[in-house]
Amino acid sequence: MSVTSVEQAPDYADPHHLRAAEHDGPASKRIVTGFGFWIFLLSDIVMFSCFFASFAVLSGATAGGPGGAELFDVRNVAIETGLLLLSSFTCGMASIAADRHNALWFQVAMAVTGLLGAGFLLLEIREFTDLVGRGDGPSRSAFLSAFFTLVGCHGLHVGAGILWLLTMMAQVVAKGFRADIERRILCFALFWHALDIIWVAVFSVVYLLGSAT
C-alpha cells in the first residue's frame, strides 16, 4: 500500500507568511532614506574629524597670546552641554510621539528641543562675542583660528537644525504624519543626535583638555 504525500499549499492568510513576504523585493523608502542619510552624516563626521585634527596640531600655536586656560569658561560651557544633551532627550520623545502619530506631544517635544537648542546657540554666540571684544578673535593666533572654525562649524549645524525643526513642525501641522514627513523626522532625529555626539567630543577635547593646559 503506497502513501501519497500531498504538499500543503502556503496559507497566504497566515500573518507570519505575510510578514515574511513583506521583506521580499527592494528595501522600503524609509530604509533607503535612513541609509542614505547615514552616509551624509558619516561625511559630516569626516569633516569634523579634520577640524579636530587641525585643532590638535594648532592648540599650542598661540603666537604669544592666551591659551585655553585663560580664555575658556568651563562653567558656561557645561551649561551649554547640559542644554544640548537635554535637547537630545526631548528630540527622542518627539520621535516616539511621531511614531504614535500624537501631534500634540510631537509639537511640544519639538518646541522644547528648539528652545534648548536656541539657548545653547545664544550662549555660544555670547562666548564668541566676548572673545572678539577682548581682541581674541580668530585672527589672533592659529590656535584661535582652529577653535573658532571647529566650534563655529558645530554652531552653524545647530542653527540649521533649528530651522529644520521649525520646518518639520509646520509640515506636521499642514499635512499630518505622511510617510514622507515621517522619513524627514527620522533624518532630523539622526542629525540632531549626531550633533550631540560631536559636541561631547568638542567639550572633552577643546574645553576640558584645553583649559587644563
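In the predicted model, Thr-81 lies in helix H4, which spans residues 74-99. Thr-81 counts as buried because its relative accessibility is 9%, and buried means under 20%. When residues up to four places away in sequence are not counted, Thr-81 touches Trp-199 and Phe-203. Helix H4 also holds Val-77, a residue that is buried with a relative accessible area of 0%. Leaving aside its neighbours within four places in sequence, Val-77 is in contact with Glu-127, Trp-199, Phe-203 and Tyr-207. Trp-199 and Phe-203 thus appear among the contacts of Thr-81 and also among those of Val-77. For the pair Val-77 and Phe-203, the C-alpha atoms are 7.5 Å apart in space, although 126 residues separate the two in sequence.

The chain as a whole has seven helices and zero strands, and its pattern, read along the sequence, is α-α-α-α-α-α-α. Of its 213 residues, 40% count as buried. Among contacts between residues at least 6 apart in sequence, 81% join residues that are at least 24 apart.

Two residues in loops illustrate how segments between helices are placed. Ser-141 is found in the loop between helix H5 (103-133) and helix H6 (142-175), and Ser-141 is buried, with a relative accessible area of 6%. The side chain of Ser-141 reaches the backbone nitrogen of Leu-144 at a distance of 3.3 Å. Beyond residues up to four places away in sequence, which are not counted, Ser-141 touches Ala-61, Thr-62 and Ala-63. Pro-66, for its part, lies in the loop between H2 and helix H3 (68-71). With residues up to four places away in sequence again left out, Pro-66 touches Leu-71, Asp-136, Arg-140 and Phe-143. Of these partners, Phe-143 is 77 residues from Pro-66 along the chain, and the C-alpha atoms of the two are separated by 9.4 Å.

The search for internal space gives a count of one cavity of 30 Å³ or more, and the volume of the largest cavity is about 30 Å³. The lining of the largest cavity is made up of Leu-41, Asp-44, Ile-45, Phe-191, Ala-194, Leu-195 and Ile-198. Helix H2 (29-58) and helix H7 (179-212) each supply at least two residues of this lining, and the largest share, four residues, comes from H7. By class, the lining of the largest cavity contains six nonpolar residues, no polar residues and one charged residue. Asp-44 is the charged member of the lining, because Asp is counted as charged whereas Leu, Ile, Phe and Ala are counted as nonpolar.

Finally, the cysteines were considered. A search of the whole structure finds zero disulfides. Cys-91 counts as buried because its relative accessibility of 1% falls under 20%, and the same cut-off places Cys-187, at 7% relative accessibility, in the buried class.

Technical notes
Residues are numbered from 1 along each chain as its sequence is written. This is a predicted model: local features need pLDDT of at least 70, side-chain atom pairs count only at pLDDT 80 or more; totals for chains, interfaces and linings use all residues. Side-chain values use heavy atoms; hydrogens and water are left out. On a 1 Å grid over the protein atoms alone, a cavity is a set of points where a 1.4 Å probe fits but cannot get out, and a pocket is an open set with protein on both sides within 12 Å along at least five of seven lines; lining residues have an atom within 4 Å of a point. Grid points are joined across faces, edges and corners, and a volume is the space filled by probe spheres set on the points. A disulfide is a pair of cysteine sulfur atoms within 2.5 Å. Buried means under 20% relative accessible area, exposed over 50%, partly exposed in between (1.4 Å probe, protein chains only). A polar contact is a pair of N or O atoms within 3.5 Å; within protein, one must be able to donate a hydrogen and the other to accept it, and residues adjacent in sequence count only if both atoms are side-chain atoms. Contact means heavy atoms within 4.5 Å.
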